[in-house]
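I opened the notebook to go through one chain, entry by entry. Each entry starts from what I wanted to look up.

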Amino acid sequence: MERALRAAGVPVELKVLPRVGHITIIAAMSRPLTFLGDTRAQVIRFIEERRLK
């Protein structure tokens, strides 16, 4: 996805989460499962930093 977005001229910020697979990343988005990784915090930070004011 990163490669395709870059090829289309879309700015991309790649985050690599060690020892975390696709399912774990999605699961970690829910509050009860944040112990699986800081995916939720990173996504919220990303959105907040780019939110229109």
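**Entry: Arg-19**

Where is the place of Arg-19? I found Arg-19 in the loop between H1 and H2. I kept in mind that this is a predicted model. I then looked up the backbone. Phi of Arg-19 is near 60°. That is a positive value, and the residue is not glycine. Next I checked the surface. Arg-19 has a relative accessible area of 84%. The cut-off for exposed is over 50%, so Arg-19 counts as exposed.

**Entry: the chain as a whole**

I stepped back to the overall layout. The chain has three helices and zero strands. Read from the N terminus, the order is α-α-α. Is the chain a compact globule or more spread out? I compared two values. The radius of gyration is 13 Å. The globule rule gives 10 Å for 53 residues. The chain's value is well over that, so the chain is more spread out than a compact globule.

I looked up the extents too. The C-alpha trace spans about 35 × 30 × 15 Å along its principal axes. Then I turned to burial. Of the 53 residues, 6% are buried. The chain exposes about 4800 Å². Carbon and sulfur atoms supply 63% of that area.

**Entry: the largest pocket**

I looked for open space next. The largest pocket holds about 880 Å³. It is lined by 23 residues. Closest to its centre are Glu-13, Leu-14, Lys-15, Ile-25 and Val-43. Three elements each give two or more residues to the lining: helix H1 (2–7), helix H2 (22–27) and helix H3 (39–50).

Which helix gives the most to the lining? I found that H3 does, with seven residues. I also sorted the lining by class. There are 13 nonpolar residues, four polar and six charged.

**Entry: Thr-39**

Helix H3 led me to Thr-39, which is found in that helix. Is Thr-39 buried or exposed? I read a relative accessible area of 7% for Thr-39. Buried means under 20%, so Thr-39 is buried. I listed its contacts, leaving out residues up to four places away in sequence. Thr-39 touches Leu-17, Ile-25, Ala-28 and Met-29. Ile-25 is also among the residues closest to the pocket centre.

**Entry: Val-12 and Leu-5**

I went back to the loop between H1 and H2, where Val-12 has its place. How far apart are the C-alpha atoms of Val-12 and Thr-39? I got 17 Å. Along the chain the two are 27 residues apart.

What does Val-12 touch, beyond residues up to four places away in sequence? I noted Glu-2, Leu-5 and Arg-6. I followed up on Leu-5, which is found in helix H1. On the same sequence limit, Leu-5 touches Val-10 and Val-12. Leu-5 has a relative accessibility of 31%. Partly exposed lies between the 20% and 50% cut-offs, so Leu-5 counts as partly exposed.

**Entry: Leu-33 and Ala-27**

My last stop was the loop between H2 and H3, where Leu-33 is found. Its relative accessibility is 31%, so Leu-33 counts as partly exposed. I paired Leu-33 with Val-43, one of the residues closest to the pocket centre. Leu-33 and Val-43 are 10 residues apart in sequence. In space they are 15 Å apart, C-alpha to C-alpha.

Which residues are in contact with Leu-33, leaving aside neighbours within four places in sequence? I found Ala-27 and Ala-28. Ala-28 is also touched by Thr-39.

Ala-27 is found in helix H2. I read 21% relative accessibility for Ala-27. Buried would need a value under 20%, so Ala-27 counts as partly exposed. Not counting residues up to four places away in sequence, Ala-27 touches Leu-33 and Leu-36. I also took the distance to Arg-40. Ala-27 and Arg-40 are 9.3 Å apart, C-alpha to C-alpha. In sequence they are 13 residues apart.

How values were computed:
Residues numbered from 1 in each chain as written. Predicted model: local features only at pLDDT ≥ 70, side-chain atom pairs only at ≥ 80, totals over all residues. Heavy atoms only, no water. 1 Å grid on protein atoms, 1.4 Å probe; cavity = no way out; pocket = protein on both sides within 12 Å on 5 of 7 lines; lining within 4 Å. Points joined across faces, edges and corners; volume = space filled by probe spheres on them. Helix = DSSP H or I, 4+ residues; strand = E, 2+ residues; numbered from the N terminus. Nonpolar A, V, L, I, M, F, W, Y, C, P; charged D, E, K, R; others polar. Contact = heavy atoms within 4.5 Å. Buried < 20%, exposed > 50% of the residue type's maximum accessible area, 1.4 Å probe, protein only. Rg over C-alpha atoms; globule rule 2.2 N^0.38 Å. Areas by Shrake-Rupley, 256 points an atom, 1.4 Å probe, with all protein chains shown as cover.
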